[in-house]
Amino acid sequence: MVTETHAPVRQRVAPRRGAARKYSIAAALILVGYLILSPLLQVVVNAFSDRPLYQGVGHFSLEPWTLLSEPGTWTLLTNTVAFAFGAVCMGLVLSLPAAWILERTDIAGRRVWRSLILCGLGMAPGVTALAWTLLGSGTIGAITLTVERIPILGDLVDINITTLFGMAFVGGIIAVPTMYTLIAPNLRRVSGDLEEASYVCKASRLRTARKIILPLVQPAVLGAVIMMAIIMLGTFDIPAIVGSAPGLQVFSSRLYAEMTPQIGLPNHNRAAVIGLLMLILAAALIVLYTRANGKSTRYAVVSARSFRLTRTALSRRWTAIAQLYLAVVVTIALVLPMAILVLASLQPFYQPPADSAAFSNLSLDAYAQLLDARNVRRMVTNTVLVTLLSATLTMFVAVGVGWLVTRIQRPSTSLLAVLAFAPIAIPGVLLGAAIYMTYLYLPLPISGSITIMVIAYLTNYLPFSMIAMRSGIAQMHPSLEEASLMSGATGAKTFLRVTGPLLMPAFMAGWIWLVAHVMRDMNIAPVLASPENQTIGAFLWQRIQDGNIQQFSALSVCMVTVLLALILTWQRMSREEG
Amino acid sequence: MIWSRSESTLDATPAKTREAPRGSVESHPGKTVEVAGLYKSFVLGRNRERVDVLRDISFDVGSGEFLTLLGPSGSGKSTLLRCIAGLESPDDGVIRIGDESVADKRRFVPPNRRDIGMVFQSYAVWPHMTVSQNVAYPLLNARARSTRRSSMNVDRDVNRTLETVGLGGYGGRGVHELSGGQQQRVALARAIISRSGLLLLDEPLSNLDSKLRREMRHELRQISKEHGLTSIYVTHDQFEALSMSDRILLMRDGRIEQQGEPEAIYGSPDTEFVAGFLGNINLIPARVLERHGSVVIAELSGTGETVRVAIPRNKELNVGEKATLGIRTHDITIQEAAEGGDSSIRDEGAPHDNRLTGRVTSLQFLGERWEVHVQVGDQEVRLFRYRNPDSSEGHLVNVAFAPERAFIFQDRDAPHGAATEPLPPSSTEKRQ
Ligand SMILES: Nc1ncnc2c1ncn2[C@@H]1O[C@H](COP(=O)(O)OP(=O)(O)O)[C@@H](O)[C@H]1O
Ligand SMILES: [Mg+2]
């Protein structure tokens, strides 16, 4: 640590700072270690136990694993893989060309399109899933019934969203904003020179795209694909909603069913076995990713040296195709789902808009009921509390841990990084279930409280906010901090005056992303819900189980409106700043 | 015109050889290029202003010629080169490569159908490919169109081209393992492998350190000549331009300011801008007092001194108007003068040389030479000494230069006062 040139100053500062650093690393290790290891331990112990851990430590048993010999388990596995894989492919089909068009061509309306695509963050998976069920289910789907009426087409095409393909389709829609955010900056970073050099080398546009640009963004695309696949693995609301009618189950929806069965007691041991299987799948994906990107130091050359932004001029025909494509993406992700939800929220009972009867009895009753109901007010308070607390707390932990991890190179901080990133491999619904088990077992009175939800979201989203903050921290040169420290400021003052303001944009971006994700979550909330801590996610899930489509729609319209307002405000703010 | 230049004496790298191309196996005719009436503008900035970047550019490049586009940054050199490559489409004008019109009113041939080689300033080598893959890429693309080449031929061509640029045996390496200079060579190999007959280079040496840059200058020219390539080379470095080119095209604000062979353009710059850009020159404001055929008498502002300057007989010059005197730093001699301004002492220069008296204000040792600043009246004169100057700071000195070595430039935007009748060269001659 002590360098020759700075020796006198460092010697004065080092002992005090050294001790402080040691304590902070230890504290961070304990916190993050506890957050991640306690639920994991629950899963492992429960999976090899003859009774749930909260009833006391039982005996070692392989009994829960008889699940594997049941006939449905293989279908479960293939369904899960098909859903995750299909959703990711669909997400790629919808986001990669969009990112390409918006970053590398001279398309008009770039800003508006980009903003609309990112508005997709406001659409909760469960909300989109229900909206698309209303749009495309074989029996009540608005689109299905409309298409059936068209003479020849109706006989040829059979639209039914309540299938594995339909699940993947909805998953793909949900994946668009995140995958776009992960891929677009990398596409932008491929310098125009690399593209133009290919043209000069007699390659056509298509060949240049295939041989030069795609290979250069391949690591980013692969990263987005793997991350999305793990998220899909842990998404239970889409399969649960879309697959409920035909009885299609995947690991995540099965896990939820084991935790909260309609009849009988929850079976934590079998849930833990499914959880372990999910973990193995996620780990396999991560191994795949690191193997594929192991030789990726060669990509470091990209973006070095002079960068030239080039936007390919599109011909008139391609401009039309590109605009149409973007319009389709926004329509299926945003416009159609919102339209059907607004309609459903105005109808007393859902009726597909295939005949005029659907529009005869519209009223705002559902919204009025929401305003009156007592449990709704409580739910809103809970939601606001949980969302703000989780987002803020997670961002602060991410800043602290991120700072330690990027600035101090020691074995202990490497371990800290591994622990903090580990939750990325734990599918969301599993984490919810494991945390539920943990606080059923531990003698802490937080089961069914807001605290347990905050803990769950903190654990689940820590890696994502670390990713958001880490680049921000790495961009800041240590000399900025050192300059402040040497001018006599204390560590805390330095952070407030120098480090903090510099991190603000990255912090805000991460915070907004978290707020949107925590608020719209329908994976963790239903598992941890009790009457006291019910948030909007659990509330919406409850409406689905009751078949109350009207209230579900009204509330989701409200939620999406709030989220869209938040996203748009943030977009405007960040545009004004830079 | 193509290859008939005399031995250069201006070159900073004396080792450079300027022989006619040796009978090389690869030799094949370079393509000619014709540019006529080219215009290009860009829409810039927030207020969407349209700015002309190229204005009425016309020039020809002969087969096998090494032409340099020289000019300050932002003068439109790269844009011009990119128009020739097809990476920009001109607003107006015609570009012909060989016998084919590649850009005119009706036609625009995209870059991948122009059959050219190009080296980018950033090298633009693809980081995800090995050296061989980078170099083979144009061949494989050409093959996609005419499936003539076998893969064995491709390998052979790649290896031979790598040998040519001095990268023999590096084929299997990843480009990120190479130094900047080596990446530059990969880019060059990629540009010449398909034997297009036209090589475009956009400041290819600007990212290299100065020693490597000097070596590469020589090598680039040699490779281009040995392969009989027509080359268009963009640079803002006057030394590169002077030492490498058959012909220089000096650009300013999107226009061609002057063109000619390096010696010609250095030896007789048309304008103050050209003289200044090629460097090593004192530019001193002056006024033209008299003209006698090819001799002009001018007064240097703020000094009270008059000097004689020899100019071409047919050059137009307005007597009585403001002008600028140019003297290259290496054309000035310096001599200690006796205190009191007696300039009659022994002197290095010829008897009819101009002499100015001034004081040495600074003396810098630069290794192989000294740079001396002499204050003459209100003006400062900069000159180089290659031997230890006897004078030191504060000394009174005489500086001298021959009338044939000085230039006089009429100020372009000087107002043409009614009082001063412009005198065409012919009328002055008659008066004599
Ligand atoms: N693609 C472009 N869009 C807008 N302006 C451009 C573009 N390319 C070049 N320019 C402008 O054209 C002028 C000339 O640029 P360039 O040809 O690159 O000059 P040079 O290569 O001589 O330095 C500059 O003012 C530059 O800003
Ligand atoms: Mg340039």
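This tour moves from chain A to the two sheets of chain B, with a selection to make at each stop.

The model is predicted: local features require pLDDT of at least 70, side-chain atom pairs count only at pLDDT 80 or more, and totals for chains, interfaces and linings use all residues. Residues are numbered from 1 along each chain as its sequence is written, chains are lettered from A and ligands numbered from 1 in the order in which they are written, and side-chain values use heavy atoms, with hydrogens and water left out.

**Chain A as a whole**

Select chain A and display it as a cartoon; it has 23 helices and zero strands. Helices here are DSSP runs of H or I with at least four residues, strands are runs of E with at least two, and both are numbered from the N terminus. The radius of gyration of chain A is 25 Å, close to the 25 Å that the globule rule gives for 578 residues, so the chain is as compact as a globular protein of that length. That radius is taken over C-alpha atoms, and the globule rule is 2.2 Å times the number of residues to the power 0.38. Along the principal axes, the C-alpha atoms of chain A fill a box of roughly 85 × 70 × 50 Å.

Switch to a surface view of chain A. Its accessible surface comes to about 25,900 Å², of which 67% belongs to carbon and sulfur atoms; areas come from the Shrake-Rupley method with a 1.4 Å probe, and for residues only the protein chains shown count as cover. Of the 578 residues, 53% count as buried. Buried means under 20% relative accessible area, exposed over 50%, and partly exposed in between, with a 1.4 Å probe and protein chains only. Among contacts in chain A with a separation of 6 or more, residues 24 or more positions apart account for 78%, a contact being heavy atoms within 4.5 Å.

**Cysteines and a loop residue in chain A**

Select the cysteines next. The structure holds zero disulfides over all chains, a disulfide being a pair of cysteine sulfur atoms within 2.5 Å. C119(A) is in no disulfide, and its nearest cysteine sulfur, that of C558(A), is 17 Å away. C119(A) is buried at 4% relative accessibility, whereas C89(A) is partly exposed at 32%.

Then select I150(A), in the loop between α5 (142-149) and α6 (151-156) of chain A. At 38% relative accessibility, I150(A) counts as partly exposed. A distance drawn from I150(A) to T105(A), C-alpha to C-alpha, spans 37 Å, for residues 45 apart in sequence.

**The six-stranded sheet of chain B**

Move to chain B and select its open sheet of six strands, in the order β6-β7-β8-β3-β9-β10 with mixed pairing. Two strands pair if DSSP finds at least two bridges between them. The edge strands are β6 (117-119) and β10 (255-260) of chain B, each pairing on one side only. The twist averages 15° from one strand to the next. Within this sheet, β3 (residues 66-70) and β8 (residues 230-235) of chain B pair in the parallel sense over five bridges; L70(B) has T235(B) in β8(B) as its bridge partner.

Add helix α4 (residues 180-192) of chain B, which lies across β6 and β7 and runs at about 165° to β6(B). Such angles run from 0 to 180 degrees between N-to-C directions of axes, which are lines fitted to C-alpha atoms, for helices over the stretch in contact.

**The four-stranded sheet of chain B**

Select the second open sheet of chain B, with four strands in the order β2-β1-β4-β5 and antiparallel pairing. β2 (49-61) and β5 of chain B stand at the edges with a single partner strand each, so one side of each is left without a neighbour in the sheet. The twist averages 35° from one strand to the next.

Nine bridges join β1 (residues 33-44) of chain B to β2(B), and L38(B) stands opposite I57(B) in β2(B). Next, β4 (residues 92-97) and β5 (residues 100-103) of chain B pair over three bridges, with A103(B) as the partner of I95(B). Their hairpin has two residues between the strands, and G98(B) takes a positive phi near 60°.

**Helix α1 of chain B**

Which strands does helix α1 (residues 77-85) of chain B lie across in the six-stranded sheet? They are β3, β6, β7 (198-202), β8 and β9 (247-252) of chain B, and α1(B) runs at about 150° to β7(B). α1(B) also lies across β1, β2 and β4 of chain B, at about 65° to β2(B). Colour α1(B) by accessibility: eight of its nine residues are buried, including L80(B), L81(B) and I84(B). The tour ends at G86(B), which follows α1(B) and has a positive phi near 95°.
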